[in-house]
Amino acid sequence: MNAVEIEEAVSALAEQPFDPEAFPYAFLEAFGNKATTLKRLRTGGTNKSDLGGVLQTNNIHLATCPVGAVTTTLAALKASPATTRAKAKFVLATDGIDLEAEDLLSGETIACAYPDFPDHFGFFLPLAGITTVKQIRESAFDIKATGRLNRLYVELLKDNPDWGAADRRADMNHFLARLIFCFFAEDTDIFPVRGLFTKTIDQMSARDAADTHAIIGELFRAMNLPYGQRAAAKVPRWAEAFPYVNGGLFAEGTAVPRFSKIARTYLLHIGNLDWQKINPDIFGSMIQAVAEDEERGALGMHYTSVPNILKVLNPLFLDDLRAKLEEAGDNPRKLLNLRHRIARIRVFDPACGSGNFLVIAYKELRAIEAEINRRRGETGRASDIPLTNFRGIEIRDFPAEIARLALIIAEYQCDVLYRGQKEALAEFLPLQKMNWITCGNALRLDWLKLCPPTGTVVKRYADDLFSTPLDQTEIDFENEGGETYICGNPPYIWSNDQSLEQKTDIENVFSRYLKNWKSLNYVSCWFVRAAEYANNTMCKSAFVSINTICQGTSVGTLWPVIFGLGREIIFAHTSFKWRNLASNNAGVTVVIVGLGDCCFSKKVIFSEDEKGGATAKSATFINAYLIDGPNILVSKSNKPISGLAEMKFGNKPVDGGNLLLTRDELGDIGMSFESQKKLVKRIIGAAELVNGAERYCLWIDDRDLELADNYRGIRERIARVKMARLSSRDKGANEMAVRPHQFREMNIGIRSTICVPAVSSEGREYLPIQFVSNNTVISNRCYGIYDSELFHFSILVSRIHLVWIATVCGRLELRFSYTSSLGWNTFPIPLLTEKNKADLTRCAEDILLTREAHFPATIADLYDPDTMPADLRAAHDRNDEVLERIYIGRRFKNDTERLEKLFEMFTQMTQAKAGPAKPPQRLDMH
Ligand SMILES: C[S@@+](CC[C@H](N)C(=O)[O-])C[C@H]1O[C@@H](n2cnc3c(N)ncnc32)[C@H](O)[C@@H]1O
C-alpha cells in the first residue's frame, strides 16, 4: 500500500461507528496488514499483548478502553514488559472519543479526538514500512487531496470516455488545474467568501448532477471576464461574486466534463478539504501522477523529496547566500546589496515536472529576502523577487501547467507569510500573463533563448500563462542579468528503455563529441547541455542523477566531454538511496553532481553517514568517480596490477543447450557411477551460484571420448552440438565444431576454484563469491581464480573490493557487473606479507565454515541484507577488519575513504598522470 491508499483506508475507518473489539484489527488492516496476519493475531498465536489489547511484534501495542481511560491505558501499554519484549515501535490507546499514541523510538506523541486521527496517519506510516521523514508527515493534506482528486479523475473519465482520448487529455488536465485553483482560492480569501466555489456548485446544481458541468462552466466563464464585460456577456447573478482571474487559466473555452452523482459528491468532498494547507512543492509533484495512466497507481510517490531538493540547492547557491546574510549582519548597505543580488538570481530547471525545485528555490529565496527586510526594518515590504526568474522546461503538458500553478500558489503563500493577507490579496488578481514554464523537449529547445545570457532581451510574447504552444521557445520579459543556476532531476533512462525520440536526442547531444554514445543513460544529456550553456553565460548547475553516470564505462564516455567543455565538479553528493513517499523505496541509488568553472576553488564532497545525515569534506579536485583525487580513468588491464593470481573467464558452452543437463536428463542417459565421474561435472553460473540450483554438464576429456560414445544419450547430444556449431553464423563457433564434446574453454581447477558471478544484485552487502571443488565447472556467466590460495577469497568478499567494483565496473541497471579486466586486474592491493596471507586465509575459512553451518541455506538466503545471520555478518566484519588494517592500519571510516585510498594506490601503482582537469576546450573526437 502506498501513502495515499493508507490515508484513504484510515479515513474510511474513522468514518465508521467505533467498535472497540474490531478497532485494533481494522487499524492494522488500514496499514496494509494481510488477512492471514490478522487472523493469526486474532486467534492469539502472534498476539503478544499482556493487557488484553493487540501486540504485533516489532510494530505496535494497541488497546481500546472504557471512556475516559485513554491516558492511563496508554501509560500501561508503554510500561508493559510485553511491549519491550516485542520491540514495539508504537503504543496506541482509544476509547472511541479520544485517541493517544506514542512513537517509542522518537518519544513523539499525538493526542486527538478520535474522528481526527486520520489527520495524523503520517505519524504511523512506519507501520506500513514507509520511513517517514518530518516533511512527509507534514504532507497529510497533500496526500489526502491527491487521493480524493485521483478518485474524481477516474470517475470523470468513466462518465466522459471521450475526455480520456489523446486529443482531449489536455482539456481534462486543464480542467483539473482550474479546479485546484478554485479550491485554493476559495479557502484563502482570494474569492470573497470562504468556500464560495464549492457552496455555489452545491446550491446551484441539481442533486442528480445533470447540470453540474453547466454550472461550473458558467463560473469559469465569469472568471475569464473583467467585471465591465459581464453584463453584456449575460453572466448569471450567482456567478458575479467570482473575481476576474485572467492569466489564461480560464481562457480558451469553458468546456467541463459531465458529472455523475458520485463525481459530484467527490467534487463537493474535495471542496470541503482545507486547501489553505496545500504545499505546492509536494502537492504539485503528487497530483501530476493523477493525469498519467502509468503513474496513477503510484500516485506521485516518486517525486524528489524536499530534503533531496535541498541537497542540490543548498550547495549550489543557497548556502552561499545564507553565509552572505550572516556576514552582512545588520549592515543596511550590505543587506541591500544582497537583496539586489537575490532579486536577479535566475533558477532554471530543464526537466521541471510540476516545478518542485523551482518552488523550493523560490520559497528559500523569499525567506532570505524576508530576513533582510526584517533586519533593515522593512518588514512587510513587497518582494523584489520576480516569479519569472524561476524558469523550467517540461515535456508533459499537465505537469507544466501544474508547475505554473504551484509557483503562483507559492508566491501567494509567501506574500501572506511575509507581508500579510491583505497585501497578498491586493496584488494577487488578476494573474499576470507572463509565462516562464515552457512545455517542450528540453534537449531540442535552445536554453539560451529561454534563459538568455545576461543583458539581452527576449523577443517574443507568450500567448498566455496557462496555454503554451509546444514550439514556444521565447518568452516575454526583460532579462536583467545576474546569476543563473541550473538544477533539477532529469529523467534516468537506460539505453534499452529509450524511445526512438530519446535515442535521437542523445545522438543530437553527443554525436559531435563522441562516436560511442549509444550506451549512455538519457540523463547524461542534461549535464552536457548545462556545460554547453555555461560556455555562453556565467552559470553553475547541479542535477540529481542515477549514480551510474559516475561509474564504470560511463565515466570514460561522459566526463571527458564535460571536462573538455571547461566544467569541473564543484560539489558532489556521493551515492545515496532514493527516499520518497513510496513504501517500496528499494529503487534507485543516486548522486548529485554540481558543475562550475574550472577555477572554482571551494570544492566539497558530501557523503551520507550511517544515521542518514551528511558529512561534508572539502576537496582539491573531484574526479568523475566523485573522489577527491586525480583526474584519472580506470581502464581495463590484462593482468592484475597487484601481481596476485589471475582471474579467468568461465566456460562458454556454445552448444545449442546440448552440453548442459538437468538432474533428470542426467538420469535418462543411464551412465554407471564410474562413467559419470569421468564424463560429467556440476556446472554453476551466476544464478546457480546464488540460488543453489543443480545443473550438470558433459565435461569430456579427449581421452574419454570413446567411453562417452558408448552412451546413445551422449552421442546424440554431441551430434547436436556439432550441428548447432556448424549452422551458427559465428565463425568461432564453426571452428569449434571439430570438438563438439567440449566447451569453448575447458578451464577447471585441479583442486578448487574461486567463482565470481559476472552479474549480481546490488542489494547485498558483499559480493556473492563461491569456493567450489574440482567437481564443479563454472559457466561463462562467472569468472574464476583456479587453484589459488584461499586468501584471494578473503579479498574478493571484502567490503573494500565491492566498493571498487561498484565504482569502477559500474552497474547493469540495478546489478553489479563484474569483469576481471576492469574489476580484479585494476584492484589495488598492498604487498601482502606471509603473515597477512595467513590471517586472511583464516578469515576466508571462517566465512566458509560459517556458511556451512547454515546448510542448506543458499547464498541468496545467507546474504539477504534483512536476514543475514549474525555469525556470518561477524565473520565478514572480522575479514574486513583484518584486510583494512593491512591497507591503513585501522578500519576505514566510510566508503568515500576506502575509495580515496584505492584511487591513491591505483595512481601510484599504474603511475597514471595525476593532475587537474584539462583546460577548457571543445572536444572533437571524430
Ligand atoms: C525525474 S522527473 C523530475 C521532476 C520533478 N522535479 C520531480 O521531482 O518530480 C523528470 C521530469 O523530466 C520530464 N522530462 C522527461 N524527458 C524530458 C525532456 N526531453 N524534456 C523536458 N522534460 C523531460 C519528465 O516528464 C519528468 O517530469
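This report walks through the cores, a helix pair, the salt bridges and a few unusual backbone spots of one protein chain. Keep in mind as you read that the model is predicted.

## The nonpolar cores

Let's start on the inside. In soluble globular proteins, nonpolar side chains tend to be buried together. Here, the largest nonpolar core has 198 residues, and the members that touch the most others are F27, F317 and W559. Which helix gives the most to this core? That is helix α13, running over residues 306-328, which puts in eleven residues.

W559 deserves a look of its own. If you skip its neighbours within four places in sequence, its contacts include F527, I549 and C550, along with S554 and G564. I569, V593, L595 and A624 are in contact with W559 too.

There is also a second core of 58 residues, separate from the big one. Among its members are F184, I287, I402 and Y412.

## Two helices that cross

Now find helix α29 (residues 799-808) and helix α34 (residues 895-910). They pack at an angle of about 75 degrees, and their axes are 10 Å apart. Angles from 65 to 115 degrees count as roughly perpendicular, and α29 and α34 are therefore roughly perpendicular to each other.

What makes the contact? On the α29 side you'll find R799, I800, V803, W804 and T807. On the α34 side, look for D895, R898, L899, L902, F903 and F906. Sorted by class, that gives seven nonpolar residues, one polar and three charged.

## Salt bridges

How many salt bridges turn up in the whole structure? A search finds 53. Here are three of them to click on:

| Pair | Distance, N to O |
|---|---|
| K324 and D320 | 3.1 Å |
| R366 and D415 | 2.7 Å |
| D505 and R444 | 2.6 Å |

Take K324 and D320 to begin with. They sit four residues apart in helix α13, so about one helical turn separates them. Are they buried or exposed? K324 has 31% relative accessibility, so it counts as partly exposed. D320 is partly exposed as well, with a relative accessible area of 32%.

The bridge between R366 and D415 works across two helices. R366 belongs to helix α15 (residues 356-375) and D415 to helix α16 (residues 397-419), so this pair ties together parts that are 49 residues apart in sequence. Both R366 and D415 are buried.

The bridge between D505 and R444 links a helix with a loop. D505 is in helix α19 (residues 500-510), while R444 is in the loop between β8 (437-439) and α18 (447-450), so the pair ties together parts that are 61 residues apart in sequence. The two partners don't share a burial class: D505 is buried, at 0% relative accessibility, whereas R444 is partly exposed, at 46%.

Some salt bridges share partners, and that is how R799, D877, E884, R891, D895 and R898 end up joined into one network. You have met some of these names already: R799 of α29 and D895 and R898 of α34 are also part of the contact between those helices.

## Unusual backbone spots

Most residues other than glycine have a negative phi, and most peptide bonds are trans. This model has some exceptions you can look up.

The peptide bond from L429 to P430 is cis, with omega near -10 degrees. P430 is in the loop between α17 (421-428) and β8. F855 and P856 are joined by a cis peptide bond too, with omega at about 10 degrees. Where is P856? It lies in the loop between α31 (834-853) and α32 (859-862).

As for phi, V654 is not a glycine, yet its phi is positive, at about 45 degrees. You'll find V654 in the loop between β15 (648-649) and β16 (660-661), and at 24% relative accessibility V654 counts as partly exposed. D787 has a positive phi as well, near 50 degrees. D787 is in the loop between β23 (782-786) and α28 (791-796), and it is partly exposed, with a relative accessible area of 22%.

## One buried arginine

Finally, turn to R339 in helix α14 (residues 332-343). R339 is at 4% relative accessibility, and under 20% means buried. Leaving aside neighbours within four places in sequence, R339 is in contact with E369, I372, N373, R376, E378, R381 and D384.

Technical notes:
Residues are numbered from 1 along each chain as its sequence is written. This is a predicted model: local features need pLDDT of at least 70, side-chain atom pairs count only at pLDDT 80 or more; totals for chains, interfaces and linings use all residues. Side-chain values use heavy atoms; hydrogens and water are left out. A nonpolar core is a set of buried Ala, Val, Leu, Ile, Met, Phe, Trp, Tyr and Cys residues joined through side-chain atoms within 4.5 Å. Buried means under 20% relative accessible area, exposed over 50%, partly exposed in between (1.4 Å probe, protein chains only). Contact means heavy atoms within 4.5 Å. Axes are lines fitted to C-alpha atoms, for helices over the stretch in contact, and angles run from 0 to 180 degrees between N-to-C directions. Angles under 35 degrees count as roughly parallel, over 145 as roughly antiparallel, 65 to 115 as roughly perpendicular and the rest as oblique. Ala, Val, Leu, Ile, Met, Phe, Trp, Tyr, Cys and Pro count as nonpolar, Asp, Glu, Lys and Arg as charged, and the others, Gly among them, as polar. A salt bridge is a side-chain nitrogen of Lys or Arg within 4 Å of a carboxyl oxygen of Asp or Glu.
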